[in-house]
Amino acid sequence: MSIVAGVLYVVATPIGNLNDISPRALEVLGAVDLIAAEDTRHSARLLRHFRVQTPCRAYHDHNEQTASRGLIDRLTAGQNIALISDAGTPLISDPGYRLIKEAQAAGIRVEPVPGACALIAALSASGLPTDRFTFEGFLPAKSQARRARLEALAEVSCTLVFYESSHRILDTLTDLADIFGGDRTLCLAREISKQFETIRTASAAEILAWVRGDVDQTKGEFVICVQGAGEETEPDLTEARRILDCLSAELPGSQAVKLAARITGLPKNRLYAMLIDASGDGS
Ligand code: SAM
């Protein structure tokens, strides 16, 4: 009897709320011969919670070459294996690329078991255009390289999606507002499906001021969705006009504009134009 090669399942796990695991994911995790996990200790908690007793082996960026070989051997011998990462969909800013490539090359069937993915969850609730988007993963950690990448992306016309960690969220938001302009709309999605989930869509300047002013907003895991260049919808300027009117009644024009820019996040030249318009000089 010839041995039929096993199946490599790519199984999505929750990104926060454990109830987001699918019945099919649990069925597959319970039925395979082996689970290849990014961090076996981390995944042990998830598997214990769902009473999955399948043995686990580590598969991560540092052992992918040797681990892939061992996994392919087992698959070729007929075993079924599930690949999982610490959270969400494997391979999405997570290990697995080499394993999938080698499995395909060895003629092994690769079957995805879809589920949570932070970028898709964030995008779906962002209020930004979703018909075309570019997923950029993590920006470079070093300031110069990060700014260079953002400069290269500043004119991209579709929605951009980034992952970010708590260590760098303020630096990245600062660079985004600086390079894309404070009035570019973005959505900051923090701790999706967890206790302190916060999803806010506003101008880059507003989001930056908000995060700077509230240390809690710098904690946890983040997805940043940015509206594409030239995709800006005309903001409702009623509130900005009211603020500018109040300030300009009490202060010289330049000071009123400076303060209004800080409060509303709108660029100063736009507020100057509104001031001139209101005084009738612009007609
Ligand atoms: N494979 C995962 C997925 O499918 O989304 C992503 C793994 S990547 C190593 C981890 C990054 O994903 C975090 O730094 C954060 O940017 C994002 N992320 C993961 N879970 C998140 C959550 N619950 N809320 C917001 N962002 C999250």
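**Pocket, cores and selected residues**

The lining of the largest pocket comprises, by class, 11 nonpolar, four polar and seven charged residues. The structure described here is a predicted model, and in it the space within this pocket amounts to about 440 Å³. Among the 22 residues that line the largest pocket, Ala87, Ala118, Phe138, Tyr163 and Glu221 are the closest to its centre. At least two lining residues are supplied by strand 7, and at least two by strand 10.

The position of the pocket can be related to the division of the protein chain, which is assigned to domain 1 (7-116), domain 2 (119-226) and domain 3 (238-279). Because residues of both domain 1 and domain 2 contribute to the lining, the largest pocket lies between these two domains. As for domain 3, the C-alpha centres of domain 2 and domain 3 are 27 Å apart.

In soluble globular proteins, nonpolar side chains tend to be buried together. In the present model, the largest nonpolar core has 22 residues, and those with the most contacts inside this core are Phe162, Leu173, Leu176, Phe180 and Ile224. Two or more residues of this core come from each of helix 6 (143-153), strand 7 (159-165), helix 7 (169-180), strand 8 (185-190), helix 8 (204-212) and strand 10 (221-226). The most is given by helix 7, which provides six residues. For phenylalanine 180, when residues up to four places away in sequence are not counted, the residues touched are Leu150, Leu153, Ala154, Leu160, Asp175 and Val226. A second core, separate from the one just described, has 16 residues, and Val32, Ile35, Ile84 and Val113 are included in it.

Ile84 also appears in the surroundings of serine 43, a residue of helix 2 (residues 40-49). Serine 43 touches Ala37, Ile84 and Ser85, residues up to four places away in sequence being left out of the count. With a relative accessibility of 1%, which is under the 20% limit, serine 43 counts as buried.

Proline 14, situated in the loop between strand 1 (7-11) and helix 1 (23-31), is likewise buried, its relative accessible area being 7%. Apart from neighbours within four places in sequence, proline 14 is in contact with Asp20, Ile21, Leu46, Ala87, Gly88 and Ala116. Of these contacts, the one with glycine 88 joins positions that are 74 residues apart in sequence, while the C-alpha to C-alpha separation in space is 5.3 Å.

Backbone geometry was considered last. Most residues other than glycine have a negative phi, and most peptide bonds are trans. Against this background, serine 93 shows a positive phi, near 50°, although this residue is not a glycine. Serine 93 is located in the loop between strand 4 (81-84) and helix 4 (97-105), and at a relative accessibility of 34% this serine counts as partly exposed. Glutamate 191, which is not a glycine either, has a positive phi of about 55°. Glutamate 191 occurs in the loop between strand 8 and strand 9 (198-203), and with a relative accessible area of 14% this glutamate is buried.

Technical notes: Residues numbered from 1 in each chain as written. Predicted model: local features only at pLDDT ≥ 70, side-chain atom pairs only at ≥ 80, totals over all residues. Heavy atoms only, no water. Core = buried A, V, L, I, M, F, W, Y, C linked by side-chain atoms within 4.5 Å. Buried < 20%, exposed > 50% of the residue type's maximum accessible area, 1.4 Å probe, protein only. Helix = DSSP H or I, 4+ residues; strand = E, 2+ residues; numbered from the N terminus. Contact = heavy atoms within 4.5 Å. 1 Å grid on protein atoms, 1.4 Å probe; cavity = no way out; pocket = protein on both sides within 12 Å on 5 of 7 lines; lining within 4 Å. Points joined across faces, edges and corners; volume = space filled by probe spheres on them. Nonpolar A, V, L, I, M, F, W, Y, C, P; charged D, E, K, R; others polar. Domains from an automatic or database assignment.
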